[in-house]
Structures are given as C-alpha cells and as structure tokens.
Amino acid sequence: MRSSTPRLAGVALVTIAGLVLVGCSSKAPSASSTGTSGALTIQPLVQIDKAGKEVKSQAGGTAANPAGDGKATCASTTTIAMAGALTGANAALGINIANGVKLAIKQHNDANKDCQVQFKGFDTEGDPAKAPAVATQIINDANVIGLIGPAFSGETKATGAAFHDAGLLSLTASATNPALTTNGWNNFFRGLANDAVQGPSVAAYMVNTAGFKKVCVVKDDSDYGVGLAQQITTGLGSAADASCALSVKTGDKDFSSAVQSIKSAAPDAIFYSGYYAEAAPFVAQLRTGGVTATFVSADGTNDPQFVKQAGSASKGALLSCPCGPAPADFEKAYEAAFNVSSGVYSVEAYDLATIVLKAIDGGAKDRASVVNFVKGYSGDGLARHYQWDSTGELSSALIWIYQVK
Amino acid sequence: MTTTRIAETAPTAPPAPHLGAGDRLRLWWSALPRPYQWGIGVPFIALLAALPILRPPILTTQGTDFGGVLAQFGMYALLAIGLNVVVGQAGLLDLGYVGFYAIGAYTVGLLTSPDSPWNQTDTWLSRHWAWVFALPIAIAVTAVSGLILGTPTLRLRGDYLAIVTLGFGEIVRLLADNLQNITGGGRGLSGIAFPLVGQTPTRTKGVFSAGNTHLPLNFGTWWYWVSLALIIVVLLFVGNLERSRVGRAWVAIREDEDAAEIMGVPTFKFKLWAFLIGASIGGLSGVLYAGQVQFVSPPTFNVINSMLFLCAVIVGGQGNKLGVILGAFIIVYLPNFFLGRSDLFGIPIDGNAIADYKYLFFGLALMTLMIFRPQGLFPARQKLLSYGREVYVVARRAALAAAGRLPAADEDGAR
Amino acid sequence: MLASFDIGALGHSFWALTISGLTYGSIYALVAVGYTLVYGVLRLINFAHSEIFMLGMFGQYAALMMFGFAPQGDAYDMGVAQTLMYLGLAMIGGMVVSGAAAVGLERVAYRPLRRRGAPALVFLITAIGASFVLQEFVHFVLPKLTNNTLGGLNAQQPIRLVSPSTQFTIFGATVTNVDIAIVVSALALAFATDRFINGTKFGRGIRSVAQDPVTATLMGVSRERVIMLTFLIGGVLAGAAALLYTLRVPNGIIYNGGFILGIKAFCAAVLGGIGNLRGALLGGLLLGVMEMYGQTVFGNEWRDVVAFVVLVLVLMFRPTGILGESLGRARA
C-alpha cells in the first residue's frame, strides 16, 4: 500500500510538470500570436466634449517630462506613495498605476543624480475596510510628500477625510465617482474626468453623433458600473430602453439569458457599464448569438485584455475613456521596465507622478507646498492638459472615444 | 503497516505521566481561586489593551497601521468566538456565517446611512449616538435571522447543513447586491454613524472617526479597545453558557446527536439556541465593522471570508474559546505582518509578495493541520463542567503529591 | 427591488432558453457525477472538485497549445474531422490533468485522514484548504512556472477551435454545432459512466463499497482501489466537462472559474439525489434549465439566487433528492 503512494504522487507531479513544460515550450507561438490578434487594437477615434461634439486635440503643447533639467536637488528620503490594490482580486488596476508611477520616478532619478525620489506602494486590496489603516500608515510616514491614489472610489470615500486632515496631496489616477470632489477636500485632485462627465459625453455622442435610437444599458454590480450606468441612462434619455436594461455580476462568464433578452429587443447599440473581464465574454456571446448592434463601453473595458479576450468579436466596439492614448515612446519604456504592456490608467499615473516630481524639483519640501504646487499647476501631460478647478476636478475634462480596429 | 498502527494508537495512548506545557498551564489555571484568576487576568488584559500604545518593534506592522490591524483582529475575534459556539461547541458546521456578519453590518448601515431609504438618524436617532442605539437592534435582527435560517435547516445534519448554510451566506450577499433601491447594491452604503466622542480641534470627528490618524491613539486603537471590551463581555456570557445546562447539551449533541436525543436532550431546541447565539455574536461583529469602516458593500461578505472565519476557528482549536481568539489573531495578523516589509531579522524579503500568497498558505496550513493536528493549535480539552474547580484543586494536589513522592512518575500517580 | 416578473420574455424565448439550459445543464451534470460518486463511496463532499474542474480547463488549454494552437482572435474552424480530432485530443488533455489531480488530491489530502479515521468535518475542511491551494497555485505559482503563459490574474486568452454556427431550428430557437457537441458528448459520457458503474466488475466494486464498506472488504474488494477509481472517474468526467464548458464559454479559463460552477454542480447532485448517478444527470439538466428560466423571469442578477434557493428548498423538503440516494443508505 505504502509503495503506491509515491507512485501516484509521482503521476500528479508529472502532470503538473507537463503543464509547466507545455507552458514553456509554447512560449514562441504565443508570442507570435500577439501578432495575429494584434491585427485588432484599440485606436483613438475622436476626442469629444460634454455635448458629444468632436474637439480637436490640442497640438503644440509638449508633454511634461519627469526627467526635468537634470539639476534638481532634494532630500534622499523624499517619497511618493501610491495606495491601491496591489494584491488580491482587484490588483490589475492598482499595478497599472503603481507601474506608471514607478516609471516616472525611475526616469526622474536616472536624470537627476542629486534628487533620488523613493517610491512606496501601499496595498489596500481595494478594500474599504483595510484602507483607513493603510491611510494612517501613509500619513504617519513623514517622508511621504505626495500620494498617487487611492485607486478606487470606495476606498477614497473611506480615507478622504483622513488625508484631508493631514493635508497630504491625494492625486487619484482612477477614482471616477463624481461625489468625491463634493466633500471640500482641498487636497484631493482627480487626474481624469469623472463619471458625471464621461457618462453624459458618451451618451450625447451615442445619440447625436452615432445616431443610435435604441440602446440597451447593461451594468455590472460594481460601484463603478452602477454609477456610470446611471449617468449614461440619464444622458441617453428616451434612447435608453428600460425593457432591456440588464444587470450582470462581476465574475460572470456566461451571458446566454442576457443575450436572449437583447436579441429580442433588437437595439442599435449596447452600452456595457463594467470591466473588461466580463465585457469580453459578453461581446463574444452577443456576436455568436447573432446580435450585431454596436458594442459601446467605457474606461473599465478600455484595456488591451478586452481585445485579447474577445478576439474578432470586439471589432468595431466603441470604448470611451477619460484617458488619452499612450504614446509609442511611453509604451516602449513601460514594456522595457515591467515586461508587460501598459494598461488603463498607466499613462495617467505617469503624468500625475510627473507633476508631483515637478513640485519636488521645484523645491517643494513639505506636504502643503506640494498641494499648492498642484493647485496652481497647468501643463500638458502625455494624456491631456492638466489644470484643476477649485473642487479638484480637471477644468477641461474631455473624453476620448476609441474604436477597436 | 507499523506506521499505521502507531498513527492509530497515538491519540488513544494513555495520558503521559508528565503533562504537556499547555495542559500544565490549564490545570494550574483551573485550580487557582477566582480572585487569583482575576489578579492575573486583569493585568494581562491591560497589557493586551496597551499593545497599540506600546507598539513593540518587530510586532508592529509596517505596510499598514498596527492599531488598525488590531481593530480588525477584534472583529475577527468576535466572529471566531461566535462561530466557535456553532461549530466548536455544538458541532454544527456553518459555512455561511458571513451572512450574519453582513446582516449585522447592513442593519446599522440601513438605520444610519444617509444613502439608505430607512435612515433614522434625522428623526428619532441622534447622529451622535445612532451607532450605540443601532447596536442592540442589529443584534436582535441577526438573532431573528439565525432563527429564520435555523428553524427549517437544523433538521439537516453534517455536510448537508454545511452546504445549506453556504447557500444562505451567498443569498444574503446577493440580496444586498441586488436590492439596489434599499441597500445601494454595489455602491454600498456610506456615511454610517459612529460614536461621536472626544472631539478636539485635531480630531474633528472624534476619536472613532477614520479621520483620526494621530498616533498612537488613532481610530484603530480606539476601536480595538471597544472590541476588547465586547470580547470580554461575550466571553463571560459564552463561558457561563458553556458551564450551564445549555453547554452540556451542546457537548452531548456534538459528540453524538442520536444518543443525546435518546437521553432526553431536546436536540433541536439546543441546536437552535447555538445558532441563535452564534448569529447574534456574528451580528455584533458586523455592527463593529459598520461603525469602524463607516461603509458597507457586498463584496466584503463573500464566501471566501466565511472560509477565513472557519480557518480562524479550526486553526485556533474548535471548542476552545480562547484558542479561537488566537486563531483569529493569526488569520488577521500574519498577512499584515508581511505587508510592506522589506526585511525580516536582516534577511531581505518581499513582504507584499508573501502577503499575496496568503490564501495559498492558509490552504496549506488547513490541510497539514487536518492531517497532523485536526484539533487545532490550541485544542479544547474535555473537562468537568460542574464543580470543576473543586475537582481541579484535588487533582492538582494529587498530581503534585505524586510528583513529589515519585520523581520517576509512574502512570498510576498521574492518573 | 425585484425587477418586475417578466413572464412575457420567458414565453418569447422559451425554446432558446431551454436549449441553452440543457447545454449548460449537461455540463453541470458531468461535474455533478464527480460529487455524487465520491459522496456515494466516501460520504464526503469533495469541496475541491470545482478546482479539479478548473484544472481541467487549463489542461485542455495546455493540450491545445501543445498541438500548436495559439490564442487568436478568430476561431480556427477547420474541417469537421480535424476539429473533432483536436477536440478529442483537448478533451483527453483535460481528462488527464483532472483525473491525475483528483487522484493526487485523494492521495495527498484525504488518504492520510482516512487512515486516521477522521470525522466528516475534518475531510470537509481539508477539502476547503485544498480548494484554496489549487486556486492559488494557478493564480500565482503556475504563471511563474510557465513564464506567464498559463494562469495568473486574468483569464486565458481563448483558443477557439470552432465558432458556433446554426445547424437547425426548433420552434424558432437556433441549435448550434457547439450545443450539439456539448449535449451529445455529455450524454455519451454519462451513458458510458452508467454502464461502467452498473455493468462492469469495477463498477460492482464501487457499488459494493458504497453499500457496505466492511462487507465489501471482507468479500475481497480493495477499498483503497475503489476509492482511487472513484476519484479518477470523477476527475476524468470533470476534465471532459471542462472542455465542453470552454467550447461554450471560451473566456472562462481563469483560476477562480470553477468555484461557482462547482457549487452549482453540487446543487445539481443534491437535486437529483446525491449518490445517485442518474440523479446527477437529471439534476444537472433540471438546474441548467431552471436557472435559465429563473434569470429571465426575475432578471439576470437573480441567477445564482435561483440556484441556491432551489438547493435550500430541495434539502428542506426532500433531502434525498428527486431520484433518492441509490448508491448508499441513509444520510450521514
């Protein structure tokens, strides 16, 4: 009896080893496969304002470079913190942001020998329950001069008051809940357009420019999905068909019943309010279910993973984002540094970190002066022009519409 | 074959003449008179309460605030005590315990959040004390929910009960997610009331607000103290129950339900009591959560957390109410210990990566524990529930006498 | 609140939903067989069975990669014979990984417990632990071992062998080649399993141990071998189900992709009568169809609630399920 145990454990081991081997040996074809699916990418289509009208992207302005003039001096303990989900189920977004920040700091430090800024990533797991304790830690770390984050709206809600009381700059690259800037937190700035801008802009674009008469709004159960769907539905007005407004769950992979409802409703377009993990199988199943209506979604879906997962079904999908397209140089540097392609909000995080680095290079030594610097900042980044109004919203928040081509 | 025999006989081997350290401690403690126990217990508790002030160097977490971690431990400890009543004492496997936690938290949320349609803080509940008033209401609601779940399902046994409770836990979470007009769905309920006390110019919202980040008496420390106080109250309550007729009935049900029934124990009634009490304690912990985080949303209450609570109970030792508190400490503290740590005793480590693997480690720990120590790290010992102390005094005297007379300690002496 | 009961939508797409439900249900059924067999023989809810299924999805994916398929945007859509051959090979890949994982799990986790005569609770907790370990293995360890080709946070980029295309229609509902492939293979596998359990010497061994382990052992049946065989069959079927599932949901290959499906499959097993092979089949199909109807009537977000409520109701009013427990005697 005993002798058979190692044998069987061996079988299991061999199987696992087999899996591993397969993974390793197939490295080459999968690398070439990015070429085949690379036929489809998310390409910028048009920049729009709140009425859904096209706005030409401003030419001339050169994006701020974190490297600066190379002569900056600062204390070697100066730290930029980042708070968000770095582990757990929501880590993808947090890692995108952390990497963007890291890249900016790296470029800065490489150029400025006398100003080596430190990076500290604080993990909240995206959990509002854990965020306040993390916030306490950040606030009591005297070296932290500015914060990129928190990443999600829920944890921002839970920690905003604490950062405000501490006077620590809180510059978010991704929290899009409109209510966050209504709390009077004068240390809080949002580096992208909020849902209340994105929703109406995209809705106006769908009705006025694209000419959709009937739209099914499908939302997931996340804070982001529910909030954005509300904005979109209001913005669409009579074009939003209540009879095919559906809710799905984060984590769902099978949408057969939703596909049936949408098929019988026969809309011009479907707006999906949620993340790419669900949007990809959803659009794939819509297409195989025979629904040809245009698939529209927002920044949660605007990720290379969406195209990878959905394949040819993603063709023609319109994806909005308050984020600008990542320039080729940035993408190259990002991939060289982290061995993955950049994702949603990486560019924003990079831009925002650059602004904080500019503040440091400009001689800001305490938290208050960094906040003041950002308050008065006006300049171009890779994604857009950055300038904030008194509430901490971008003064001109434009939305980009992308298309999968 | 030889190894098999050793494995089989080991647990039933006669008690070794010299007891393990844990048993010695237990015997010594049980034999102490009540005042002595208090005399030792009170300073010990004071030491525990002082932990967030002392912040011992290595123990203090680096990636997150130590006080906050202790506050979270407080909630988990309460959950573990409550779940221990159900799983450890009455032997009913409950995989949906998180449902009660959710009901407790959501009751406070629904009563005091401005986002809720049933917000009462503008009418008869004052904003200052709304949390305190909502506490008993929430406990009552959870107790009733325990009754509602327990009445139909407690006729099931073993694995079946486990799966039904798992289903119940998920249904609670899905209801919170789906009933958007009431619970806010995925947006959750924010702005939940917390006790507004100790307001000063630097602590504008009082000591319990998440905005109180002034070390060492930050919000985490204060909530940790509140949970410590509640833990003591609950422990006294559960301890007394354990020694009462109810506790004896639970043990009987756990050991052999059929035999208990035949011996005249109304098993259904006592199982229901266990469920109800367990649920109330879970609800209490939920109330703490709502007050501390001031925000509730459905993903907090998923099945994985249910499993984590169970981990705490199993790792700590089912049936041992102090053991499960240590179990809760391990579950909460260990991942946070590694979080953001870049070196440990001079050895460079990537703490965040280790924290990432926490479920892997929990899983491995559960599996190894079940093979080598299924009773948990700090197992419960069967003990006399009535006239306990008198017997222990005698037993200890006898053991000491035997040890004194017979240093070689033969088996009769120890028995 | 409850979205208004939409009975109209149910009538409108009744047949389409039924077909969808049956396809999904036959996947549940195959996974449910694994639960039911193990329960029948060991009185153990193999909570980690959902992870065995998940590993099967990765197994068939790895097999396809081994045969030179790379994830790409479109389906490969080769000739019928070639597609069937590769589907078969992928299925074998899934079956091998799942079967080996199931047997390995039994050896590493459950067997030491059986030797110690541990109570049922201990088994269940071990299963939960194993479930964590297997998920996290795929989540964190597998990508490190395979240079991020397999596993990780995101779902696998799908390899679509065949794109669904309508073959014929019933009452206006379309039936695709994928639907046919899933239902036919599931039924064939279920039939083969049924024959194996009820018609062969090995099957008789399994039934006898389920009936009375002690007597069976005395009659010369090796209990350990029967248990191993049971786990193997369950694992192999889960591996097959994994391939069928990915045919339908190509994006479902993710580390936590088995969890909910596993619970549903367990519901199906209970619904049909746990320990009862044919019950698992019936329960799977029923649950698949009920879920489809339920989510159309109540709204998409109530899908899981429907399944859980069915489970609770069945356990409360007819704990032995529709067909009763036939492999074993009374409940634990």
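This passage walks through the sheet of chain A, the make-up of chain B, and the hairpin and B-facing side of chain C.

The structure is a predicted model, in which local features need pLDDT of at least 70 and side-chain atom pairs count only at pLDDT 80 or more, while totals for chains, interfaces and linings use all residues. Residues are numbered from 1 along each chain as its sequence is written, and chains are lettered from A and ligands numbered from 1 in the order in which they are written.

Chain A offers a good place to begin. Its strands (DSSP runs of E, at least two residues, numbered from the N terminus, as are helices, which are runs of H or I of at least four residues) include seven that form an open sheet with mixed pairing, in the order β1-β14-β11-β10-β9-β7-β8. Here two strands pair if DSSP finds at least two bridges between them. β1 (42-48) and β8 (246-247) of chain A each have a single partner strand, so one side of each lacks a neighbour in the sheet. Within the sheet, β11 (residues 318-321) and β14 (residues 399-404) of chain A run antiparallel and are joined by four bridges; Leu318(A) has Gln403(A) as its bridge partner in β14(A). Helix α7 (residues 223-236) of chain A packs on this sheet, touching β7 (215-219) and β9 (269-273) of chain A, and its direction makes about 165° with that of β7(A). Axes are lines fitted to C-alpha atoms, for helices over the stretch in contact, and angles run from 0 to 180 degrees between N-to-C directions.

Turning to chain B, 18 helices and four strands are found. Of its 415 residues, 49% are buried, that is, with 20 or more other C-beta atoms, placed from the backbone, within 10 Å of their own. The domain assignment (automatic or from a database) gives domain 1 (65-381) and domain 2 (383-415) of chain B, whose centres, taken over C-alpha atoms, are separated by 38 Å.

In chain C, β1 (residues 166-170) and β2 (residues 173-176) run antiparallel and share four bridges, with Ala173(C) in β2(C) as the bridge partner of Ile170(C). Two residues lie between the strands of this hairpin, and Phe171(C) takes a positive phi near 45°.

Chain C also meets chain B: 35 residues of chain C are in contact with 34 residues of chain B, contact requiring C-beta atoms, placed from the backbone, within 7 Å. On the side of chain C that touches chain B, α4 (80-116), α5 (120-145) and α12 (303-317) of chain C each supply at least two residues, and α5(C) gives the largest share, 14 residues.

Technical notes. Two residues are in contact if their C-beta atoms, placed from the backbone, lie within 7 Å. A residue is buried if 20 or more other C-beta atoms lie within 10 Å of its own, exposed if 12 or fewer, and partly exposed in between; C-beta atoms are placed from the backbone.
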